[in-house]
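Please read the following alongside the sequence and the coordinates, taking the core, the helix packing, some individual residues and the confidence in turn.

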Amino acid sequence: MLVSTFIQGLGSTGFFGSRAFLPAFITAAAMRYGHHVPLLKDSGMIQGLEGAPTWFTSEWCVLILGLLAGLEIAATKVPEARQLLAEVDKYSKSVMALVTYMGVATASDARFIQDNLMPQAAGLLDFFPAFLIAAAVFWIASVRGAVMGFLSDADEDDDAGVQGLFSWAEDVWALAGPLLLILFPLLMIALIAAAIGIIALIRWRLAVREEKTKTPCPSCGTMRYQAAMACPSCGLKNTAPHAIGALGQGKPYPTTDIDRHPLRLASKKRCPVCATRFDRRDPHQTCAACGHVLFNDPDFVKRYLGYIDRRVPLVVLVSLLFSLVPVVGLIPGVIYYRMTIVAPFRQYVPLHRSFLIKWAIRLLFFVLIAFQWVPGLGGFVVPVMAIVSYVSYRTTFRNSLNPGEPSAAAAA
Ligand SMILES: [Zn+2]
Ligand SMILES: [Zn+2]
């Protein structure tokens with residue numbers, strides 16, 4: 001049993017609470033024909049299923065499930081048939097959720113073990129999650145039955161049309177839900193990438209604008225940033241350096257924390273002395289304007305790590321709050337933790353170093369994101385993503401600071 005299959009199964013309980021055959025049909029059809037559909041074929045669930053010979057993705061199974069799904073939609077539109085279905089549907093829904101889960105599990109396993117055709121070949125432990133999911137569907141379908149029973153008692157012939165409307169809404173939910181479950185992580189990752197691109201564009205615009213606010217040094221006349229600690233040419237101290245915004249831009253007012261101002265500059269990839277921007281992904285680089293060698297002082301490195309570390313508890317808490325909001329909370333949550341506790345390390349990690357962790361993290365996040373829209377449970381997704389990214393990039397940053405030899409000696 002694969003973890004991603006189980007997560008997919010847990011997510012499916014939401015749709016099987018509404019319909020028995022429609023979600024089963026959509027899942028089987030997506031697995032059978034998904035590799036012909038542009039977006040679907042890139043998803044982790046569909047990839048490699050093409051040749052997997054299982055009962056669940058056979059043409060016969062898809063056809064029968066399709067017919068039953070059609071009958072089901074029709075039946076739920078007729079009040080008499082709807083009442084008849086209400087008597088039995090919590091059983092049919094649980095059974096179909098179980099069958100679908102076993103179908104997905106065997107098809108996914110078949111990718112790795114081509115001869116494991118039937119679920120009977122699986123161990124007893126493999127059945128446990130399937131029964132857990134069936135029990136969850138039974139419970140959800142029972143709650144739904146109680147609500148629908150109340151509606152149908154209040155308006156037996158559905159004169160108000162509420163039950164009919166509800167029925168169509170459930171059809172859409174049961175049809176789009178399983179597809180969303182497969183596509184959701186892809187869609188979210190694309191949206192996060194778009195948001196990061198927009199932020200990079202804004203940051204660049206702000207940097208261009210800041211060039212025009214440079215003022216001449218009172219001692220030597222060199223143009224310097226208002227956020228600088230000192231003049232890049234003569235080293236004259238700036239008594240009131242300007243604050244730095246979240247996007248690394250200089251603010252029009254002085255900083256209130258001059259002690260940690262150099263740390264804040266470094267966290268935004270700017271020289272801790274003259275505020276000039278660094279352009280390489282390397283912890284050891286020399287400022288083009290003032291010649292300051294970044295992270296060369298072990299004491300500064302220690303203070304820098306502590307400066308970022310202190311943010312972690314608050315960031316985890318805020319991430320949790322974002323993550324508790326299904327779907328909508330994911331993107332601001334991810335952007336927030338990236339900017340506060342990941343970027344300060346990530347921006348200095350050479351690309352070839354971050355390549356492997358990047359892909360390992362992506363794979364994990366893909367599975368986690370598939371879970372985020374589940375109300376309540378989704379709350380842990382962004383905090384886990386935040387902690388995993390923070391720990392891996394902090395470690396890579398520290399390792400690339402000391403690649404074998406003490407760098408302080410080399411610079412001296
Ligand atoms: Zn000067
Ligand atoms: Zn500098």
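**The nonpolar core and what surrounds it**

In this predicted model, the largest nonpolar core holds 43 residues, and those touching the most other members are Cys 274, Ile 369 and Val 382. Two or more residues of this core come from each of H6, H7, helix H8 (298-309), helix H9 (312-323), helix H10 (330-346), helix H11 (351-372) and helix H12 (381-401), with H12 giving the most, namely seven residues. Because domain 2 (213-294) and domain 3 (312-401) both give residues to this core, it lies between them. In soluble globular proteins, nonpolar side chains tend to be buried together.

The surroundings of Cys 274 can be followed residue by residue: leaving aside neighbours within four places in sequence, Cys 274 is in contact with Arg 224, Tyr 225, Ala 228, Ala 230, Pro 232, Cys 287, Ala 289 and Cys 290. Apart from the core to which Cys 274 belongs lies another core, of 33 residues, which includes Ala 24, Ala 97, Ala 130 and Ile 140.

How do H9 and H12 meet? On the side of H9, the residues involved are Val 312, Val 315, Val 316, Ser 319, Leu 320, Phe 322 and Ser 323, and they meet Val 381, Val 382, Pro 383, Ala 386, Ile 387 and Tyr 390 in H12. Val 382, one of the residues that touch the most other members of the largest core, is thus found again among the residues of H12 that meet H9. Two packed helices are described by the angle between their axes and the distance between the axes. For this pair, the axes of H9 and H12 come within 7 Å and cross at roughly 145°, and the crossing is right-handed.

Another place to look is helix H6 (residues 162-211), in which Phe 184 is found. Phe 184 counts as buried because it has 20 C-beta neighbours inside 10 Å, the cut-off for a buried residue being 20 or more. When neighbours within four places in sequence are left aside, Phe 184 is in contact with Ile 369, Ala 370 and Trp 373; of these partners, Ile 369 is also one of the core residues that touch the most other members. Although Phe 184 and Trp 373 are 189 residues apart along the chain, their C-alpha atoms are separated by 8.8 Å.

Leu 183 is brought together with a distant part of the sequence as well, since its C-alpha atom and that of Lys 41, 142 residues apart along the chain, are separated by 9.7 Å. Lys 41 has its place in the loop between helix H2 (21-33) and helix H3 (59-75), and it counts as partly exposed because 14 C-beta neighbours lie inside 10 Å.

The loop between H7 and H8 holds Lys 269 and also Phe 295. Neither residue is a glycine, yet Lys 269 has a positive phi of about 60° and Phe 295 has a positive phi of about 50°. Which of the classes buried, partly exposed or exposed applies to each of them? Lys 269, with 17 C-beta neighbours inside 10 Å, counts as partly exposed, whereas Phe 295 is buried, with 20 other C-beta atoms within 10 Å.

A contact over a shorter span of sequence involves Ala 243, which lies in strand E3 (residues 242-244). The C-alpha atoms of Ala 243 and Thr 255, 12 residues apart along the chain, are separated by 4.1 Å. Not counting residues up to four places away in sequence, Ala 243 touches Lys 251, Tyr 253, Pro 254 and Thr 255, and it is partly exposed, with 17 other C-beta atoms within 10 Å.

For the protein chain as a whole, there are 13 helices and four strands, and buried residues make up 35% of the 412 residues. Among contacts between residues at least 6 apart in sequence, 67% join residues at least 24 apart.

Confidence should be kept in view while reading these details. The mean pLDDT of the protein chain is 83, with 87% of its residues reaching 70 or more. Confidence is highest in helix H7 (residues 261-267), at a mean of 97, and lowest in helix H13 (residues 407-411), at 42. The pLDDT is below 50 over residues 114-121, a stretch that has seven contacts in the model beyond near neighbours in sequence, and also over residues 405-412, where there are eight such contacts.

Note on methods. Residues are numbered from 1 along each chain as its sequence is written. Chains are lettered from A and ligands numbered from 1 in the order in which they are written. This is a predicted model: local features need pLDDT of at least 70, side-chain atom pairs count only at pLDDT 80 or more; totals for chains, interfaces and linings use all residues. pLDDT is the predictor's confidence in each residue, from 0 to 100. Two residues are in contact if their C-beta atoms, placed from the backbone, lie within 7 Å. A residue is buried if 20 or more other C-beta atoms lie within 10 Å of its own, exposed if 12 or fewer, and partly exposed in between; C-beta atoms are placed from the backbone. A nonpolar core is a set of buried Ala, Val, Leu, Ile, Met, Phe, Trp, Tyr and Cys residues joined through C-beta atoms within 7 Å. Domain bounds come from an automatic or database domain assignment. Axes are lines fitted to C-alpha atoms, for helices over the stretch in contact, and angles run from 0 to 180 degrees between N-to-C directions. A crossing is left-handed if the near helix is turned anticlockwise from the far one by less than a right angle, and right-handed if clockwise.
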